[in-house]
Amino acid sequence: MSFVQAVTSEELAAVRRELHRHAESGFSEFWTTAFLAQRLSVAGCAVRVGEDVIAREARFGVPAPQVQEARLAAARAQGADAAWLERMGGLTGLIVDIRPGLPLLTALRFDIDAVDVAESLSPEHGPAREDFHSLNEGHSHACGHDGHAAIGFGTALELMRRRDSLRHNVRLIFEPAEEGLRGASAMVDAGTVQGARYFFSAHIGVNARRPHELVCGTEGFLASTKFDVEFFGRAAHAGAEPHAGHDSVLAASSAVLALHAIPRHGEGETRIAVGRIEGGTGRNVIASYAKLVCETRGSSTAVNDWMFEQACRIIEHTAAMYGQDFRITRMGGGGAAVSDADVCEVVRQAALSIPYFHPELIRIMGRGYGADDACTFLEAVQTQGGTGAYAQIGSHLPAGHHSPDFDFDEALLLPAVELFCRVALELDARA
């Protein structure tokens, strides 16, 4: 008899495809949140949404109100449950408590947002060929979060079936806006992992690109701060009165060069990137506005914080040099937590009990892939004395993450549900 009896592989694939079809950008996952909340509540789960699970004012990079209104209207038009949309109050993401009356022990994280990438409609692309490609133009599940949410759905159902054997609460966190490292800090501020002693999350693919492969824990993530910089100068005629203007494009250009000249840190790797620069209104007008879209990274939270502080100092002095007012807006960020050996071993032992995972393809630790907002949850749990791990679930990938042709093998969904359940049950037993 299969370990997982509450859901089948076919049902998980169907949920994944519905989520894939309704891909939504970060903090706009209205249909996704309502769909998961409705389905899980009908199954008897204790579901919470809205300000119970995410601190409204702590969110970074929230889309403009008119954008949110349009996306909410699209979710309604696509059949999102009206009652759950009302309860959400404009906020996305949800949590499920398996034993809400017991002390919280373990938090499991599943991200639910899509990527702002137009999905391929090539007949070679699985979702296009099987007719479950994204309905929302410019947004697609090109990173596997539809699979993660489906795994979380199945895990909730199976843990509910086994709830009477649990001596502590297990909390499933369905995180919005993981892309850009925006959702976790607002959920941590709302207390979603307060009191948790263990944390576990996983990602499809990353550096596990073979079917039946598993990386039990991850190190080498880079902490990151995402931020926008705006310069406000003074417009003037570029030919007749250039001396009367304060050129924002010139200030921004100088800042780009200075930012990339920040010295490297002796205690760890550092990165800085200016991904976009824009500004000005015309060829013969001294620019009165310019904007930079930037990020810093560091091999530890402290090193990244140092990089961001240096960046802010450079921007302040560059603005003064060119007669600019300026504004720095933080758009996201997260830490660089490393998986703990004790939970990695629990994951390894669980995987050895699951035939899907081949023992020779199970690794105890692997490298990260840039950054992941799971680190913010893991770091919060570690700060309060707990431990955790971030796994990588192997799959053949037709194309890389964030590619229009990204897809994964749905055969991993049911084994992944079993993995999460076995880990949660073992951690409960050990406690």
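Student: Which residues line the second largest pocket, and what makes them lining residues?

Tutor: They are Gly-61, Arg-182, Lys-226, Phe-227, Asp-228, Gly-275, Arg-276, Lys-291, Val-293, Cys-294, Glu-295 and Met-331. Each is counted because a lining residue has an atom within 4 Å of a point of the pocket, on a 1 Å grid over the protein atoms alone. The model is predicted, so local features need pLDDT of at least 70 and side-chain atom pairs count only at pLDDT 80 or more, while totals for chains, interfaces and linings use all residues. Residues are numbered from 1 along each chain as its sequence is written, and side-chain values use heavy atoms, with hydrogens and water left out.

Student: Which elements give two or more residues to this lining?

Tutor: They are strand E8 (223-232), strand E9 (270-279) and strand E10 (289-298). E10 gives the most, with 4 residues. These elements are DSSP runs numbered from the N terminus (helices: H or I, at least four residues; strands: E, at least two).

Student: How is the lining of the second largest pocket divided by class?

Tutor: It has 4 nonpolar, 2 polar and 6 charged residues. Asp, Glu, Lys and Arg count as charged, Ala, Val, Leu, Ile, Met, Phe, Trp, Tyr, Cys and Pro as nonpolar, and the others, Gly among them, as polar. Gly-61 and Gly-275 in this lining are therefore polar.

Student: What volumes do the two largest pockets have?

Tutor: The largest pocket holds about 490 Å³ of space, and the second largest has a volume of about 390 Å³. A volume here is the space filled by probe spheres set on the grid points, which are joined across faces, edges and corners. The lining of the largest pocket has 27 residues, with Glu-178, Glu-179, Gly-180, Leu-181 and His-402 nearest its centre. By class, this lining has 10 nonpolar, 7 polar and 10 charged residues.

Student: Why is one space called a cavity and another a pocket?

Tutor: In a cavity a 1.4 Å probe fits but cannot get out, whereas a pocket is an open set with protein on both sides within 12 Å along at least five of seven lines. The search of the whole structure finds 1 cavity of 30 Å³ or more. Among the residues that line the largest cavity are Arg-109, His-148, His-203 and Phe-420. E5 gives the most to that lining, with 3 residues.

Student: Why is Phe-27 classed as buried, and His-402 as partly exposed?

Tutor: Phe-27 has a relative accessible area of 1%, and His-402 is at 36%. Buried means under 20%, exposed over 50% and partly exposed in between (1.4 Å probe, protein chains only), so the two values fall in separate classes. Phe-27, in the loop between helix H1 (9-21) and helix H2 (30-42), has a positive phi of about 65° although it is not a glycine. His-402 lies in the loop between strand E14 (387-393) and H12, with phi near 70°.

Student: What makes a set of residues a nonpolar core?

Tutor: The set must consist of buried Ala, Val, Leu, Ile, Met, Phe, Trp, Tyr and Cys residues joined through side-chain atoms within 4.5 Å. The largest core has 79 residues, and Leu-40, Leu-172, Leu-214 and Leu-419 have the most contacts inside it. Its largest share, 11 residues, comes from helix H12 (residues 413-430). A second, separate core of 26 residues includes Ala-184, Val-193, Phe-221 and Ala-374.
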